[in-house]
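Okay, thanks for making time, everyone. Let me put the structure up on the screen, and then I'll walk you through what's in it.

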Amino acid sequence: MGNDPLYEVTNLDGVEAAYVFAPPAELVAKREGDIPPQEFSAKELRDFIRYLFDNGGVSEVLICYPQKVFFLKIMGDRALVIMGSSKANPALLRVGVEVLEHRWREDGLNRVFPKRGKRSPFRFWRSRKEG
Amino acid sequence: MKNVRGFVGSLHGLDIRNLIQMCTVNGVTGRVKILGGDQEGEIYFDRGEIVHAACGELKGIEGLKAIIGWEGGEIKLEPGVTPPEVTIDLPWQALLMNAGKMAEKGHPEGDQEPPRERSASDTLRQYALYSEILRWREVENCLLLNSEGEILRPSTIPERMKRWAKDFLEIYSHSTTLAIAGSRSLPLYLSVTVDGHHWLIIPLGAHLLALQVPRSLNPKELLLRVTQALGEIEERP
């Protein structure tokens, strides 16, 4: 099944892409399936995620459009975003994500989806040199 | 790559009773295959209710009992697969109690406020629809909001619901700008879980209808019912 934790998510029926964000709205993991995702505005998506991380009470949002589905789940300090076609089955999507979330939490969400800011300490030296 | 229909994964320490709860709470229709070592079991769901289970020669509740005792294994969720026969006709909570220990999680409903009866003197069809929906057994609470964020119905609500209503408007507003596809970018419905409570948000022209419903309820069925009720109200003299 590969080492990509999002592999099983994009293998669900109708799922075109899966992304994981860390606060405030930093993309930390992504996987796009064979069919490219139908268009969503990246700027609006980040605004939405920022709002949900700030909000605290909302844990899950499913939006059904005429031809696409948008699913977002807050898992601690990570947000999983799934984009798919209208073929995606919301009930199955939820169960699949709940099963995977259980596994990710056992392995540690921050370890499964680390923030990209945790890069080499030499990056500052490198960027000064390049700058 | 896309030949897998449904979901395939490992239980990885997840209790089978928890998996059953996930399927029932989310209203799954289809088959869950569980591979535990050299054994194979099947559980069939119909809109969240267990209707058949089989494990080797064992069927029905006996089959379910055998599967529930397993730890770990691989699972395959196949939506829409119908059972070869119906061998179980009991609510899933009773089944879990019967088949083993009662699952640890509580009922999905949580602490709810009873629906309020409103006067039927409203002339606007949304008001009439609101009154109609309040009679539906599966709807625990109902809010009618306008695009300015005003709560039109009910006239008085607890503080936390006011906060939720603000969230619904904010989320709906985001949903209208999220998708870039012209007229098809407006949502048909939204499903929001806030503070553990599950709500279905239906846009109705300039209004938003927010219904607190069990998570297992099929949103498409409820949407159809709302549309039919609205149609009937419009036909009234």
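**Two chains, sheet by sheet**

Let's start with how chain B is wired: of its contacts with a separation of 6 or more, 59% are between residues 24 or more positions apart. And before anyone asks, this is a predicted model. Chain B has six helices and eleven strands, and 35% of its 237 residues are buried.

Chain B splits into domain 1, residues 7-99, and domain 2, residues 125-235. Measured is the wrong word for a model, so let me say computed: over C-alpha atoms, the centres of domain 1 and domain 2 of chain B are separated by 33 Å. Six residues of domain 1 and four residues of domain 2 make up the contact in chain B. On the domain 1 side of that contact in chain B, you get one nonpolar, four polar and one charged residues.

Now the sheets. One of them is an open sheet of six strands in chain B, antiparallel, in the order E1-E6-E2-E3-E4-E5. E1 and E5 (58-59) of chain B are the edges, and each has a single partner strand, so one side of each is left without a neighbour in the sheet. Over at the E5 end, E4(B), residues 49-55, runs antiparallel to E5(B) and is joined to it by two bridges. B:Cys55 sits opposite B:Leu58 of E5(B). Then there's helix H2 of chain B, residues 60-68, which lies across E2, E3, E4 and E5 of chain B, at about 75 degrees to E4(B).

Next up, the sheet that involves both chains. In what order do the strands of the open sheet of ten run? It goes E2(A)-E1(A)-E5(A)-E4(A)-E3(A)-E9(B)-E10(B)-E11(B)-E7(B)-E8(B), with antiparallel pairing. The edge strands are E2 of chain A and E8 (151-153) of chain B, each pairing on one side only. From one strand to the next, the twist averages 20 degrees.

So where do the chains join up in that sheet? E3 of chain A, residues 58-64, pairs with E9(B) in the antiparallel sense, over six bridges. If you want to find it on screen, A:Val58 is opposite B:Val194 in E9(B), and A:Cys64 is opposite B:Tyr189 in E9(B).

Over on the chain A edge, E1(A) and E2(A) form a hairpin with three residues between them. Those strands, residues 15-22 and 26-32 of chain A, are antiparallel, with six bridges; A:Tyr19, for one, has A:Lys30 in E2(A) as its bridge partner. Two helices of chain A lie across strands here. H2(A), residues 42-55, crosses E1, E3, E4 and E5 of chain A, at about 140 degrees to E5(A). H3(A), residues 90-107, lies across E3, E4 and E5 of chain A, at about 30 degrees to E4(A).

Last thing, the whole interface. The contact takes 40 residues from chain B and 40 residues from chain A. On the chain B side, E1, H1, E6, H5 and E9 each supply at least two residues, and H5(B) gives the most, with seven residues. That side of chain B divides into 22 nonpolar, twelve polar and six charged residues.

A quick sanity check on H5(B): at 1.5 Å a residue, its 20 residues should span 28 Å, and the end C-alpha atoms are 29 Å apart, which agrees. Buried residues in H5(B) include B:Trp164, B:Phe168, B:Ile171 and B:Tyr172. That's it from me.

Note on methods
Residues are numbered from 1 along each chain as its sequence is written. Chains are lettered from A and ligands numbered from 1 in the order in which they are written. This is a predicted model: local features need pLDDT of at least 70, side-chain atom pairs count only at pLDDT 80 or more; totals for chains, interfaces and linings use all residues. Two strands pair if DSSP finds at least two bridges between them. Helices (H or I, at least four residues) and strands (E, at least two) are DSSP runs, numbered from the N terminus. Two residues are in contact if their C-beta atoms, placed from the backbone, lie within 7 Å. Ala, Val, Leu, Ile, Met, Phe, Trp, Tyr, Cys and Pro count as nonpolar, Asp, Glu, Lys and Arg as charged, and the others, Gly among them, as polar. The expected span of a helix is 1.5 Å times one less than its number of residues. A residue is buried if 20 or more other C-beta atoms lie within 10 Å of its own, exposed if 12 or fewer, and partly exposed in between; C-beta atoms are placed from the backbone. Axes are lines fitted to C-alpha atoms, for helices over the stretch in contact, and angles run from 0 to 180 degrees between N-to-C directions. Domain bounds come from an automatic or database domain assignment.
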